[in-house]
Amino acid sequence: MHIKEELAERHVLTLTVDNEAGTLARIAGMFTSRGYNIDSLTVADISEDHTTSRITIVTKGPPPVIDQIIAQCERLVPVHKVTDLTEAGPHVERELALVKVQGSGDQRVEAMRLADIYRARVIDATVSSFIFEITGGPDKIDTFVTLMREVGLVEVGRTGIVGLMRGSEAS
Amino acid sequence: MNIIEQDNKVPEKSGAEILIDCLVEQGVDTVFGYPGGAVLPIYDALFQQKKIKHVLVRHEAGAAHAAEGYARSTGKPGVVLVTSGPGATNAVTGIADAFLDSIPMIVLTGQVATTLIGTDAFQEADTVGITRHCSKHNYLVKDPADLAATVREAFMIATKGRPGPVVIDIPKNVQVATARTDIKSNVPNRFHAAGEADYVAINKAVDLLANAKAPIFYTGGGIINSGPHASAALRELAELCGAPVTSTLMGLGAYPASGDAWLGMLGMHGTYEANMAMNQCDVMFCLGARFDDRVTGRLDAFSPDSYKIHIDIDRSSINKTIRVDLPIIADVGTAIRQMIDVWKGRKYKPQPLTEWWARIKGWRAVECLNYPASTDEIMPQFAIERLFAATKDKAPIITTEVGQHQMWAAQHFHFDAPNKWLTSGGLGTMGYGLPAAIGAQMGHPDALVIDIAGEASIQMNIQEMGTATQYRLPVKVFILNNEWMGMVRQWQELTYESRYSESYSDSLPDFVALAEAYGWKGIRCEKPEELDAAIAEMLAYDGPVMFDCRVSKKANCFPMIPSGAAHTEMILNSDEVSGTMDDEAKALV
């Protein structure tokens with residue numbers, strides 16, 4: 001007998017939660033304890049009075065598992081609202097990355113040229129390195145990082161995804 | 001200790017005093033606990049009041065299970081008070097048990113002072129971290145001014161919606177420090193539970209019920225949790241429509257076992273008629289149950305042709321394992337009442353369901369609960385039957401441990417009322433029964449409370465005999481002693497060609513001598529013809545009794561759906577046992 005893998009689809013969930021101690025641990029731990037995947041997770045305080053945070057989770061699973069993930073999130077006391085952006089319709093996803101490359105001569109020029117094409121900004125420079133700041137969808141950032149590997153990539157920091165519904169309504 | 005200036009209008013109280021005030025406000029009359037360094041201020045506050053009775057257990061696991069027994073039998077939340085570190089970790093099994101069986105419970109744990117948290121202080125454990133995923137919610141209270149609001153919200157969370165355990169971790173300095181608090185102050189409610197069902201869905205459900213040719217009610221612990229009105233509504237609805245009723249282990253008593261529509265329990269050790277009816281029904285009403293793997297058997301073969309309606313208060317129970325056609329998120333008692341109203345409003349008449357009942361009669365004729373009789377040894381099923389016969393008029397509360405004895409009790413003891421059957425269903429915790437019986441007896445001082453036990457399980461919390469002695473609780477422990485961890489042995493016979501790896505109960509104590517050592521009465525019975533008299537002797541004794549019922553060592557629990565099998569593939573008796581299974585089946589629990 002061998003362990004079987006199930007077909008999974010990617011979903012972006014946003015959660016409105018109470019900004020209190022332990023909320024992130026409660027949510028992240030629930031994913032672990034029930035065997036769900038987290039591809040990325042971002043969290044930040046979003047309300048004027050600092051009582052509410054918004055969490056964006058990118059997860060993978062077969063549709064019934066995604067449905068169960070949403071239900072299990074809703075079951076947690078500090079979670080007020082869960083939206084499946086992938087299911088809800090048109091939405092935007094953005095991520096920010098900082099990308100450090102090191103090199104000289106043609107390699108350095110090529111890095112700069114590619115950064116320009118991808119609209120990455122230089123936020124730090126030395127005679128032998130750059131740090132680029134780039135925002136975009138995850139695919140764009142993946143591609144940019146892949147290109148940078150060819151021209152002296154040193155390290156990358158990524159924020160993970162945040163997302164909102166398109167249009168005038170709140171998600 | 002406080003640095004806030006005194007306000008003469010609102011008296012200052014210590015965290016421990018505020019806690020006691022809040023418990024009284026919530027109607028708590030009994031607390032099960034065990035003192036220790038980090039809860040001494042609370043114990044001192046308890047000492048100075050008279051409204052709350054404290055039951056001193058012998059191990060914190062016993063406190064948690066006793067609180068479960070109290071809660072399950074009274075419908076009120078059980079309250080546990082334990083110290084930090086080992087006190088809290090010992091209670092974790094009971095917390096996880098209450099979480100899986102949806103038992104309302106408040107667990108108050110002491111914690112090291114906030115200034116020491118994180119320093120690996122004496123008896124420090126991350127209680128909030130440890131209990132985060134086996135409780136419905138938990139708190140670490142860092143200021144006595146927050147205690148009242150926290151306790152109030154905790155009781156609401158524990159009791160509303162799908163009930164469950166809530167842990168409140170209180171550092172020692174928060175118990176000592178004072179706060180200006182008006183405990184009447186209100187807190188915003190951020191916890192909402194489902195109530196009434198959507199009438200569109202209810203109308204559709206009633207329409208399906210009125211037109212079904214082979215309907216079935218599959219009921220669960222949710223009906224017990226919803227309250228006695230839910231059991232009453234279920235009985236009324238079943239009578240109105242004439243459909244058969246089966247129940248999970250947790251739901252026994254919601255519909256009376258003496259009722260005409262009763263099919264017996266369903267699932268792994270359920271009856272043949274219940275499981276066949278589940279497989280063959282055309283419309284299934286799942287009422288406050290959750291399609292647990294012990295109920296469904298092999299998922300792809302579970303009731304393949306039925307239209308499934310699932311009423312549950314917890315949306316995460318819907319479509320978790322079985323996809324249903326009509327989900328209704330509501331309090332199950334309210335939803336059943338709504339169904340009755342619609343049924344009566346539309347003047348539906350019950351269908352004869354003649355063909356359906358004829359098929360059920362055929363399955364009943366298999367007499368799946370029959371067992372080989374014996375005149376020279378006590379069959380365990382016979383022992384339960386005789387216990388039932390001797391006690392059925394006394395409305396006993398029955399608790400169990402976990403294993404064969406538990407399933408035999410579920411099969412052969414019959415319940416006509418809710419809150420009379422306390423068993424560890426979801427977590428399957430050996431050692432549950434004796435402390436749960438103590439908790440139930442505390443809640444019902446005049447009731448007959450019996451723990452039906454196995455000789456292995458009873459040893460897991462046997463220290464609680466001392467608790468029963470101390471509080472003069474006349475609990476009866478009825479041990480089906482076959483000298484084996486019977487269910488483990490049964491699975492080894494079914495799956496591992498009878499290689500009995502560590503399943504023999506060696507070096508058993510002399511249970512009668514043990515009973516006497518604790519100031520209990522001990523009774524031993526080895527012969528079937530002496531059983532009735534021995535049970536009568538147990539019942540006549542005004543005090544705790546340990547009954548060592550020596551039963552057939554070889555008996556196994558049937559019928560049984562082996563793991564990985566469908567409802568239609570029940571093993572009815574031991575002759576059909578094959579001796580091994582494929583790896584897919586072996587991998588299932």
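This is a short tour of chain B and some of its salt bridges, in a model that is predicted.

**Stop 1: the whole of chain B.** Select chain B and colour it by secondary structure: there are 22 helices and 20 strands to find. Its radius of gyration is 25 Å, close to the 25 Å that the globule rule gives for 589 residues, so chain B is as compact as a globular protein of that length. Along the principal axes, its C-alpha atoms fill a box of roughly 80 × 60 × 45 Å. Of the 589 residues, 60% count as buried.

**Stop 2: the charges.** Now show the charged side chains of chain B, 51 positive and 69 negative. Side chains of opposite charge can pair when their charged atoms come close. Over all chains, the structure holds 32 salt bridges.

**Stop 3: a buried pair.** Select B:Asp314 and B:Arg162, whose closest N and O atoms are 2.8 Å apart in a salt bridge. B:Asp314 sits in the loop between strand 13 and strand 14, while B:Arg162 sits in the loop between helix 6 and strand 7, 152 residues apart. Are these two buried or exposed? Both B:Asp314 and B:Arg162 are buried.

**Stop 4: another link between loops.** Next, select B:Glu483 and B:Lys553, a salt bridge with its closest N and O atoms 3.6 Å apart. Each residue lies in a loop, so the pair ties together parts that are 70 residues apart in sequence. B:Glu483 is buried, at 16% relative accessible area, whereas B:Lys553 is partly exposed at 39%.

**Stop 5: across to chain A.** Finally, select A:Asp18, A:Glu20, B:Glu153 and B:Arg190, which are linked in a network of salt bridges.

Terms used
Residues are numbered from 1 along each chain as its sequence is written. Chains are lettered from A and ligands numbered from 1 in the order in which they are written. Side-chain values use heavy atoms; hydrogens and water are left out. Helices (H or I, at least four residues) and strands (E, at least two) are DSSP runs, numbered from the N terminus. The radius of gyration is taken over C-alpha atoms; the globule rule is 2.2 Å times the number of residues to the power 0.38. Buried means under 20% relative accessible area, exposed over 50%, partly exposed in between (1.4 Å probe, protein chains only). Lys and Arg count as positive and Asp and Glu as negative; His and the chain ends are not counted. The place of a charge is taken as NZ of Lys, CZ of Arg, CG of Asp or CD of Glu. A salt bridge is a side-chain nitrogen of Lys or Arg within 4 Å of a carboxyl oxygen of Asp or Glu.
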